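Let's take a walk through this structure together. Keep the sequence and the 3D view handy as you read.

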There are 2 protein chains.
Amino acid sequence: MRPIKRLISLDEALSLAMNRTHSVTRVETVPILGGYGRVCAETVISKINVPPFSRSAMDGYAVKASDTYGAAKLKPVKLRIIEVIYAGSVPKKSVLRRHCAEIATGAMLPNGSDSVVMVEDTELEGGNVLIYDSVHPGQNVSKKGEDISVGTPAISKGDILNPSKIGALAAIGRREIAVYSKPLVAVIPTGNEIAELGQTLKPGQVYNINSYTLASVVESNGGEARMLPIVNDSIKDLEKVVKANKDCDMLVFSGGSSVGERDVMLDVLEKHGTVVFHGIAIKPGKPTLFGTIGKQLLFGMPGYPTACLSNAYILLAPVLRKMSMLPLRASATLETKMAKRVVSTTGRTQFLTVRLEGERAYPAFKESGAITSMAFADGYVVIPADVDLIEKDEKVVVHLL
Amino acid sequence: MRPIKRLISLDEALSLAMNRTHSVTRVETVPILGGYGRVCAETVISKINVPPFSRSAMDGYAVKASDTYGAAKLKPVKLRIIEVIYAGSVPKKSVLRRHCAEIATGAMLPNGSDSVVMVEDTELEGGNVLIYDSVHPGQNVSKKGEDISVGTPAISKGDILNPSKIGALAAIGRREIAVYSKPLVAVIPTGNEIAELGQTLKPGQVYNINSYTLASVVESNGGEARMLPIVNDSIKDLEKVVKANKDCDMLVFSGGSSVGERDVMLDVLEKHGTVVFHGIAIKPGKPTLFGTIGKQLLFGMPGYPTACLSNAYILLAPVLRKMSMLPLRASATLETKMAKRVVSTTGRTQFLTVRLEGERAYPAFKESGAITSMAFADGYVVIPADVDLIEKDEKVVVHLL
């Protein structure tokens, strides 16, 4: 059995991994709505003005502002209504002095007018309208190009497509948008004891959990998971899968990075790429391998499901977000009190899952082999390497799952 | 033109809308990975034990604990190795007194043994091993069923499928899971001035923005958007679309709820359903209509894009999350200082979009007709109805977009 030589701190591991992470710059075109949450790969310069014409911002009367000067509740100005302009229609007449046009919100401002008196400040009198308040030129008018003008960007490279940015693309009539491709991540379960879901378990076998937890983390952090079949713990089989997935940006193995006799992942990485670290001072999740094969990143995650998943949250997610050009997301947190005294190992960061009940956090960790250490928890507390004890009722920050 | 009769406060509007919101209880079956973020509609009782057998939690030696009692660094116990047990294989022999089996992490514990001595506390000596520390029965062993035992739930109705809960389903071999169906939301743009993306704008027309912003909000809050073609502002056309979409849980119209002569949505709702409110004391977004048609909810959103979208964040998103049984999500916030003095209208809640620069929030709101009021902003500040002024350098909470 080959021991892990030197544990490095979690911070060091994260920093080494992040330093080797390059953003994926491949580009693909998607319908704007399908681009939700994606990172924009082009600066889109508008070819039109938005609005394409000056329009009324109110229901009211399009006027020459100078005709309304001095108008007041007790001293209304009377204007002749020459036409009614609905949204979507085109004014037929020009507004001359002492004339006006009834106009709906969003409708095109007629020639000759420069402002709109809102309906609340008017009163109809036959074919005329009494204006009870003055307006200044431009008042209640959205000017042509005021929102987005020809030649200016509606959206910029690097923007994340949220509802309003998708709206800006719609505003200029764009149906599709170039976005950066998602990092392609091969998710590779290893181990002779692993069986695929739906199969009947043979004696000594357990179901493949890690592919599903890893793929969930990959896909919720900007990546696209390629789910691969279970690979035996042999150099030959591992080499075969590495070769077959050269098109992936990242390979994530689970199992096979511990110190057992048949853990051969390390050999494969040493032969075909570069080992960056092997072994992190974290609990659970110590036997974690990270390296590069050419431009590819490679993670060898522990086989135990909670160890594998906690490292996916702590290491894989930030690396993937950097690859995807997404901002690093701070998990939602909650400050509460620990319900029980917790002893932690000095020198190793501890990822302690907790259940929230009332105003208290109860330790929920069973063992790193148990998925319910996490599935039956509400969040986790990170206990730093230099802390060996959390007292009962001590304040802790819980990262929600 | 028909005036809005009485504005109600935003809190009242939200509470009226939420009180009329029922969760969607239709159920569908999806592959477990595809269920990410969905709400589980069944309590899944495990038919197997996880792990299905007692297994070693360490690389080491499976022993009878009683054989190790008293073992110490200077007083090792010598045991005979009878076989090597790899993960995924089945032990062939039973462990008798003074015997042991070399065992890998995750491998099945052989009969006769009750504990595992980790490899670090041992030393090989020919076909024997020297044990330098004692173990107690059960030590370094994950007992059969310890993670999930036969007859207990792996996941419960109402759980949201996060990575670890998907992992719990994988652990018991489940490939599919019943989840609640997404609320089906018809997104209906109205207005004679609206043109579909890709069409050439006729004079007086603007592109359809609201369908895209609304659908983004719908789909990022648990709903499924049905994008419908643009409908003319006529009672007949609106009635037709209402009838054709009886299968939807919600109808969201945009445009057509203001006080313009041709705003006929209110007539349709009064005729076929119940108006719950019409007009909210909020800026922008005042001319918002809400009601019910049988079990369907109906929103009539303002036509102006930023007014439509801000109400989608404030009203539509929480209603949809309740319908989807998702927890109400607090938006990510940031405390900062306002860069300029801001005057707000008393009696109306104001949704003020802001850009973040350095340590300051700069007002980014142009007008409710401009999508860039929001697309070029980083977040928004909600100014309560009873606040009429925010001073320069006053602290504000920014909700990030």
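What follows goes from the whole assembly to its helices and then to a few details of the backbone.

One thing to keep in mind from the start: this is a predicted model. Any two copies of a chain are related by a rotation about an axis and a shift along it. So what turn and shift take chain A onto chain B here? The turn is 180 degrees and the shift along the axis is 0.0 Å, and the fit has an RMSD of 0.1 Å. The two chains are thus related as by a two-fold rotation axis. If you want to find that axis from chain A, look for Ala332(A): its C-alpha is the one in chain A nearest the axis, at 4.3 Å. Both copies also use the same surface, as 99% of the contact residues of chain A recur in chain B.

Let's zoom in on a single chain for a moment. Chain A is divided into four pieces: domain 1 (10-26 + 182-323), domain 2 (27-50 + 146-180), domain 3 (55-142) and domain 4 (333-400). Notice that domain 1 and domain 2 are each written as two stretches of the chain. To get a feeling for the layout, pick out domain 3 and domain 4 of chain A, whose C-alpha centres lie 67 Å apart.

Now back to the place where the chains touch. How many residues of each chain take part? The count is 71 residues of chain A in contact with 70 residues of chain B. On the side of chain A, helix 3 (163-171), strand 15 (206-207), helix 4 (210-219), helix 7 (305-323) and helix 8 (372-375) each supply at least two residues. Helix 3 of chain A has the largest share, with eight residues. Sorted by class, this side of chain A has 37 nonpolar, 23 polar and eleven charged residues.

Two helices give a good close-up of that meeting of chains. The axes of helix 4 of chain A and helix 3 of chain B (residues 163-171) come within 8 Å and cross at roughly 155 degrees. An angle over 145 counts as roughly antiparallel, and therefore helix 4 of chain A and helix 3 of chain B are roughly antiparallel to each other. Their crossing is right-handed. Which residues meet there? From helix 4 of chain A come Tyr212(A), Thr213(A), Ser216(A) and Val217(A), and they face Pro163(B), Ser164(B), Ile166(B), Gly167(B) and Ala170(B) of helix 3 of chain B. This contact has five nonpolar, four polar and no charged residues.

Helices pack within a chain too. In chain A, helix 1 (residues 10-19) and helix 7 have axes 10 Å apart, at an angle of about 25 degrees. That makes helix 1 of chain A roughly parallel to helix 7 of chain A, and the crossing of these two is right-handed. Helix 1 of chain A brings Leu10(A), Ala13(A), Leu14(A), Ala17(A) and Met18(A) to the contact, while helix 7 of chain A brings Ile314(A), Leu315(A), Pro318(A), Val319(A) and Lys322(A). By class, you'll find nine nonpolar residues here, no polar ones and one charged.

Hop over to chain B for another pair. Helix 5 (residues 235-244) and helix 6 (residues 265-272) of chain B have axes that come within 9 Å and cross at roughly 50 degrees. Helix 5 and helix 6 of chain B are therefore oblique to each other, and this crossing is right-handed. The helix 5 residues of chain B in the contact are Ile235(B), Leu238(B), Glu239(B) and Val242(B), and those of helix 6 of chain B are Met265(B), Asp267(B), Val268(B) and His272(B). Their classes are five nonpolar, one polar and two charged.

Last stop: the backbone. Most residues other than glycine have a negative phi, and most peptide bonds are trans. Where is a cis bond found in chain A? Look between Lys283(A) and Pro284(A), where omega is about -5 degrees. Pro284(A) lies in the loop between strand 19 (282-283) and strand 20 (289-293) of chain A. In chain B, the bond from Lys283(B) to Pro284(B) is cis, with omega near -5 degrees. Finally, Arg98(A) has a positive phi, near 70 degrees, and sits in the loop between strand 5 (77-85) and strand 6 (99-103) of chain A.

Key: Residues are numbered from 1 along each chain as its sequence is written. Chains are lettered from A and ligands numbered from 1 in the order in which they are written. This is a predicted model: local features need pLDDT of at least 70, side-chain atom pairs count only at pLDDT 80 or more; totals for chains, interfaces and linings use all residues. Copies are superposed by least squares on the C-alpha atoms of residues with pLDDT of at least 70 in both. Two residues are in contact if their C-beta atoms, placed from the backbone, lie within 7 Å. Axes are lines fitted to C-alpha atoms, for helices over the stretch in contact, and angles run from 0 to 180 degrees between N-to-C directions. Helices (H or I, at least four residues) and strands (E, at least two) are DSSP runs, numbered from the N terminus. Angles under 35 degrees count as roughly parallel, over 145 as roughly antiparallel, 65 to 115 as roughly perpendicular and the rest as oblique. A crossing is left-handed if the near helix is turned anticlockwise from the far one by less than a right angle, and right-handed if clockwise. Ala, Val, Leu, Ile, Met, Phe, Trp, Tyr, Cys and Pro count as nonpolar, Asp, Glu, Lys and Arg as charged, and the others, Gly among them, as polar. Domain bounds come from an automatic or database domain assignment.
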